[in-house]
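Q: I should like to learn how to read the features of a fold, one at a time. Could we go through the structure shown here together?

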Amino acid sequence: MADDNTCENGPVILHASDDGSDVARGLALASDMLHDPDCADRVLLVVNHTAIEGIRALNGVDIPEGLTVVACAKAMRTHGIPASALDPRINVVPSGIVFLAQQQRSHGWYIRL
């Protein structure tokens, strides 16, 4: 049985939606979480809405082990970002908000940046 300070049953979900700088902040926070054995061994950084602009500068070297970066295809289209411009380690989903809802139904721990 886990103590009250341990995250279990799903990933920690960091949601960047407002500003491109939230992507860099999400990377730093994810790294902190992944280095804390009592917090998380799996973190998702979901990027949508206007924060999608921050995904352009992200490359695989920036993504720590245990972090999955997820980009919203709808936001990418709106902001003119082709999937081919992204690092191959970035996962593209049709809708970031639908993906978030699915993850929360799977007992993910949601944090909005």
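A: Certainly. This is a predicted model. Let us begin with helix H3 (96-105): H3 lies across strands S1 (12-16), S2, S3, S4 and S5, and runs at about 155° to S2.

Q: In what order do the five strands form the sheet, and is the pairing parallel or antiparallel?

A: The sheet is open, its strand order is S4-S3-S2-S1-S5, and the pairing is parallel. Strand S4 (90-93) and S5 are the edge strands; each has a single partner, so one side of each lacks a neighbour in the sheet. On average, neighbouring strands of this sheet are turned by 25° against each other, direction ignored.

Q: Over how many bridges do S3 and S4 pair, and which residue in S4 stands opposite Cys 72?

A: S3 and S4 are joined in the parallel sense over four bridges. Opposite Cys 72 stands Val 93 of S4.

Q: How should one approach the nonpolar interior?

A: In soluble globular proteins, nonpolar side chains tend to be buried together. In this model, the largest nonpolar core has 28 residues. Val 43, Leu 45, Ile 55 and Leu 67 have the most contacts inside this core. The elements that give two or more residues to this core are S1, helix H1 (21-34), S2, S3 and helix H2 (73-78). H1 provides the largest share, five residues. A second, separate core has seven residues, among them Ile 13, Val 93, Phe 99 and Leu 100.

Q: Which residues does Val 43 touch, leaving aside those up to four places away in sequence?

A: With that exclusion, Val 43 touches Val 12, Leu 14, Ala 30, Met 33, Leu 34, Gly 66, Leu 67 and Thr 68.

Q: What should one look for in the backbone angles?

A: Most residues other than glycine have a negative phi. His 49 has a positive phi of about 50° although it is not a glycine. His 107 likewise has a positive phi, near 70°.

Q: Where is His 49 found, and where is His 107 found?

A: His 49 belongs to the loop between strand S2 (43-47) and strand S3 (67-72). His 107 is in the loop that lies between helix H3 (96-105) and strand S5 (109-112).

Q: Why does His 49 count as partly exposed, and is His 107 buried or exposed?

A: His 49 counts as partly exposed because its relative accessibility is 49%, and the exposed class requires over 50%. His 107 has a relative accessible area of 53% and is therefore exposed.

How values were computed. Residues are numbered from 1 along each chain as its sequence is written. This is a predicted model: local features need pLDDT of at least 70, side-chain atom pairs count only at pLDDT 80 or more; totals for chains, interfaces and linings use all residues. Side-chain values use heavy atoms; hydrogens and water are left out. Buried means under 20% relative accessible area, exposed over 50%, partly exposed in between (1.4 Å probe, protein chains only). Two strands pair if DSSP finds at least two bridges between them. Axes are lines fitted to C-alpha atoms, for helices over the stretch in contact, and angles run from 0 to 180 degrees between N-to-C directions. Contact means heavy atoms within 4.5 Å. A nonpolar core is a set of buried Ala, Val, Leu, Ile, Met, Phe, Trp, Tyr and Cys residues joined through side-chain atoms within 4.5 Å.
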